[in-house]
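Okay, everyone, thanks for coming. Let me put the model up, and then I'll walk you through some of its local geometry.

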Amino acid sequence: MTAPPLPLTVREVVGETAEASTIVLDDERGGLAEPVPGQFNMLYPFAVGEAAISLSAFDAGRLTHTVRAVGPVSEALRRLEPGAQVGVRGPFGRGWPMRRARGRDVVLVAGGIGLAPLRPAIHAVLAEREAFGRVLILYGARSPADRLFIAELESWDARDDVDLAVTVDYADGGWRGRVGFVTALLPHIRFDPDHTIAMMCGPEAMMRAVASKLTARGVPASDVHLSMERNMKCAVGTCGHCQFGPLFVCKDGPVFTYAEIEQLLAVREI
Amino acid sequence: MTPLADLVRAHPFFAGLPAGMVDLVAGCGANVAYPAGGYVFREGRPADRFFLVRHGRVSLEAFLPGRGPRVFQTLGPGEVVGASWLVEPHLWSWDARALDAVRAVAFDAVCLRGKCDADPTLGYALMKRFVPILVARLQEARLQALDLYGRAS
């Protein structure tokens, strides 16, 4: 049995795109355990339902989630207003390999809403920037208007110690940045494949393509990490909703190494 | 001014090409420059060249009636622009425009096709460079077309 949802108060809701919003929750009493980058919470807009939502940031007393409206629960979360209450269980799951990344080049690849689960890892790296090698952030979005965290992207881009590349699938005439799929950014980045940790989150087809290209460049599959998404219910590996072959995404993941799941990704039935 | 053969030899696209072939290829090349916003080529016009970008970025655009130009790819230093010169009817399929001031090496298609016809080993060496790029771009275009970041993903 897990603990019942803890009611937390919505402090702030920020519209990111036409479909995605960032929700900041107060947990000043510390009712939940301290999360690690890559973990998720189960958010419960009362009387609607519960959904697994990755943390997109956290600090003392504040838990931040970025959600894209894809169904009734995520739509209800987006409609929350400051002062409202939402039930929270968590944090759950295995997060990004932050300790293992120390001293290495770090390649972070995000697609679409996948930047949200990677953001706490980026925050952790930048908080101790000297502890890591090269930091390369690659982000692909559908269009310029679909980019998340635009002000933060600009702040990362302004840093001399971060290589940020953003690309969009399509753009109209006013966009001055790159256009093309996120995999097109990979040939242009430099890293030491023997001393690199890669972390990625996005649609599975995107992650398969990126992981394949990174391993082709010599990064061991055990150093390539993917955050998987499945329909999660219990979040503790008992209900089986998120079963992924012999694994449960909620309990064994959501972060896996490519070495762990490469063969499973090729099995369409799971 | 850097001799054209040195520019060709230094460009990643021609990495490893034997010196004799570099000279043959460079004999069909010329330095070109485009101001920001200028068209490198236009849809439907003869595809009589291809380009190795040295500086600046080029956008590939489709013009959509009622919506204007839509950019589906940008290419920058070290990359190749233009493949329609390889296949009949040798017409550009899209517009290409300089996003900022662009400097490139442009290769005359008739000159280069003639040399490839006369020396199939040169043609094969060029195909070995073009085909992986075209396949990679095709794969990327398919992933783009799947609209993976959209609602259904």
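I'll go through helix packing, then aromatic rings, then backbone oddities.

Housekeeping first: this is a predicted model, so local features need pLDDT of at least 70 and side-chain atom pairs count only at pLDDT 80 or more, while totals for chains, interfaces and linings use all residues. Residues are numbered from 1 along each chain as its sequence is written, chains are lettered from A and ligands numbered from 1 in the order in which they are written, and side-chain values use heavy atoms, with hydrogens and water left out.

Right, helices. Helices here are DSSP runs of H or I with at least four residues, strands are E runs of at least two, and both are numbered from the N terminus. Look at chain B, where the axes of helix 2 (residues 19–26) and helix 4 (residues 120–145) come within 11 Å and cross at roughly 85°. The axes are lines fitted to C-alpha atoms, for helices over the stretch in contact, with angles running from 0 to 180 degrees between N-to-C directions. That crossing makes helix 2 of chain B roughly perpendicular to helix 4 of chain B; the bins are under 35 degrees for roughly parallel, over 145 for roughly antiparallel, 65 to 115 for roughly perpendicular, and oblique for the rest.

Who touches whom? Helix 2 of chain B brings B:Met21, B:Leu24 and B:Val25, and helix 4 of chain B brings B:Thr121, B:Leu122 and B:Ala125, with contact meaning heavy atoms within 4.5 Å. Split by class, that contact has 5 nonpolar, 1 polar and no charged residues. For the classes, Ala, Val, Leu, Ile, Met, Phe, Trp, Tyr, Cys and Pro are nonpolar, Asp, Glu, Lys and Arg are charged, and the others, Gly among them, are polar.

Now helix 3 (residues 109–118) of chain B, which packs on helix 4 of chain B at an angle of about 120°, with the axes 5 Å apart. In the same binning, helix 3 of chain B is therefore oblique to helix 4 of chain B. On the helix 3 side of chain B you have B:Leu112, B:Lys115, B:Cys116, B:Asp117 and B:Ala118, meeting B:Pro120, B:Leu122, B:Gly123 and B:Leu126 in helix 4 of chain B. The class split for that contact is 6 nonpolar, 1 polar and 2 charged residues.

On to rings. Over all chains, the structure holds 16 aromatic pairs. Rings of Phe, Tyr and Trp (its six-membered ring) pair if their centres lie within 6.5 Å, and planes under 30 degrees apart are stacked, over 60 edge-to-face, the rest tilted. One of them is B:Phe41 with B:Trp92, stacked at 3.6 Å centre to centre with 10° between the planes. That pair links distant parts of the chain, 51 residues apart: B:Phe41 is in strand 2 (residues 39–41) of chain B, and B:Trp92 is in the loop between strand 6 (80–81) and strand 7 (95–98) of chain B.

So, are those two buried or exposed? B:Phe41 is buried at 9% relative accessibility, and B:Trp92 is buried at 5%. The cut-offs are under 20% relative accessible area for buried, over 50% for exposed, and partly exposed in between, with a 1.4 Å probe and protein chains only.

Then there's B:Phe72 with B:Trp94, an edge-to-face pair at 4.9 Å centre to centre and 65° between the planes. B:Phe72 lies in strand 5 (residues 68–75) of chain B and B:Trp94 in the loop between strand 6 and strand 7 of chain B, so the pair ties together parts that are 22 residues apart in sequence. B:Trp94 is partly exposed, at 42%. Also in chain B, you'll find one aromatic cluster made of B:Phe13, B:Phe14, B:Phe50, B:Trp85, B:Phe107 and B:Phe130.

For the cation-over-ring fans, the charged end of B:Arg42 sits over the ring of B:Tyr39, 3.7 Å from its centre. The test is NZ of Lys or CZ of Arg within 6 Å of the ring centre and within 35 degrees of the ring normal. Over in chain A, A:Arg119 lies over the face of A:Phe149, at 4.0 Å from the ring centre.Last bit, the backbone. Most residues other than glycine have a negative phi, and most peptide bonds are trans. A:Phe149 has a positive phi of about 50°, and its side of the story is a buried one, at 5%. A:Ala47 has phi near 75° and is exposed at 81%. As for cis bonds, one joins A:Gly90 and A:Pro91, with omega about -5°, and another joins B:Glu88 and B:Pro89, with omega about 10°.
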